[in-house]
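Colleague: I am new to this structure and would like a close look at a single part, the surroundings of the ligand. Please take me through it step by step.

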Amino acid sequence: MSFETISVVGLGYIGLPTAAMFASCKKKVIGVDVNQHAVDTINKGNIHIVEPELDTLVQAAVREGYLRAVTEPEAADAFLIAVPTPFLPNQVGQVPAPDLSFIEAASRAIAPVLKKGNLVILESTSPVGATEKMADWLAQFRSDLTFPQTHGEDADINIAHCPERVLPGHVVRELVENDRVVGGLTPKCSRRSVELYQTFVQGECVVTNARTAEMAKLTENSSRDVQIAFANELSVICDKLDINIWELIDLANRHPRVNILQPGPGVGGHCIAVDPWFIVSSCPDDSLLIHSARKINDSKPQWVVSKVKHAIAEILISNPTRTADTIRIACYGLAFKANIDDLRGSPSLGIVREISKFHNQKLFVIEPNIEKLPNDLTDSCVLKEYEEVIENIDIALLLVDHKEFYEKKSFSENTIVIDTKGLWR
Ligand code: SAJ
């Protein structure tokens, strides 16, 4: 059975571009989201997130009638679930556990409109076993239909896990070009999923089972987290030993088999800082390296804050007439990484929040990708353009390597520059 109508549940950073790609291939796409504002925005042909090229795709898809957004699921041939899988708030010292409530809610929402022959694909990054759990929830909500976990290849409904692997900022290109890992609960589930993705995916669709597909995605992001932790740990060591970390990494990377990543203010976003916990929480006694990497990366923002405190102390010691509340701090970047507007899980945002708690002078925040500050920062910070002249900056704190910041400002010789990304070295 071919796929004419495709429902994408969750119209966020992954769901919306995926919906737009199917629509651009002239599939009828029904996007589902609980957020009425997102639904209304999309139905006007606009987008509620920042992602290059996505606005044009969505605009065309809506205008030509291939994409429409709704808050309640409707019948379709295939359902793609792209909802968040955060972790639950943890007790101090405990390993965070995955929160599958959004997957459960999505399963509950689509269950009434499921029909024989449907394919349900879980795209959300998930702990091992989540796809089987989703299949159980669907079976529980629709006891009149049969599912692969009990009826194998003869089931009414096919189910697979096909994790998204696209890089924010390059989503539209990577959705088409990247290889896809396709993990069906049965070979037929995989085959049908490959057929669906081949609508727009030019990369290879590589088939495995659902558990391996889940673990593959977690492995990719944990591998990157461990490598960034190595760079972050090195940066702290080099600071103590008075060695320039950026020069050091450049030198080491000249070795043909060494490729050290870049240190920074910490690891943010909703993927790399989250997914390794899904491995750690499933096998805590065996995930020592993955767990340590998480702790190293999570401790980096606090290290940056301590550098700022140190700089404040240095200014006060060398200028006994000054008080701490006269010190002017400019923070460059709030997003979780370069050239995006996404502040979710951003270490830079956490650092600015932390400084604003102890520093009694408004912070200047320069973030070219947002138009207004998060509500909790409006009293303690002022948003500035990079081009604006900010007089007498005592501490310039570079937190994100946005392209706008490539050209270094000419700070006064008294300004202490704390460059967490090595952009102004
Ligand atoms: N970072 C560093 N140093 C580096 C590279 C990154 O400190 O050398 C920091 C960034 O500043 C950011 C964080 O790590 O705070 C994560 O950024 P990222 O660009 O490494 O990754 P994400 O979170 O934007 O996207 C990742 C990608 N995964 C991998 O590259 C293995 C992407 O392909 C996934 O689809 C995405 O996670 C996801 O959705 O899981």
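Modeller: What follows describes the ligand's surroundings and then the two domains that contribute to them. Please keep in mind that this is a predicted model. The shell around the ligand is made up of 21 residues, and those that come nearest are Glu164, Val166, Lys217, Arg224 and Gln262. Sorted by class, this shell holds nine nonpolar residues, eight charged ones and four polar ones. Helix α9, which runs over residues 210–241, gives the most to the shell, contributing five residues.

Several side chains place polar atoms beside oxygen atoms of the ligand. For Glu164, one of the residues that come nearest, a polar side-chain atom is 2.6 Å from a ligand oxygen, while an N or O atom in the side chain of Asn221 lies 2.7 Å from an oxygen atom of the ligand, and for Lys337 the separation between a polar side-chain atom and a ligand oxygen is 2.8 Å. The ligand taken alone would expose 760 Å², and the protein buries 88% of that area.

Turning to the chain as a whole, the domain assignment gives domain 1 (5–203) and domain 2 (224–419), and each of these supplies at least three residues to the shell around the ligand. The C-alpha centres of domain 1 and domain 2 are 34 Å apart, and the two domains also meet directly, with 15 residues of domain 1 in contact with 14 residues of domain 2. Between them, domain 1 and domain 2 bury about 1,200 Å², of which 72% is on carbon and sulfur atoms.

Definitions and conventions. Residues numbered from 1 in each chain as written. Predicted model: local features only at pLDDT ≥ 70, side-chain atom pairs only at ≥ 80, totals over all residues. Heavy atoms only, no water. Near = heavy atom within 4 Å. Polar contact = N/O pair within 3.5 Å; in protein donor to acceptor, adjacent residues only side chain to side chain. Areas by Shrake-Rupley, 256 points an atom, 1.4 Å probe, with all protein chains shown as cover. Helix = DSSP H or I, 4+ residues; strand = E, 2+ residues; numbered from the N terminus. Nonpolar A, V, L, I, M, F, W, Y, C, P; charged D, E, K, R; others polar. Domains from an automatic or database assignment. Contact = heavy atoms within 4.5 Å. Buried area = accessible area lost by both parts, 1.4 Å probe.
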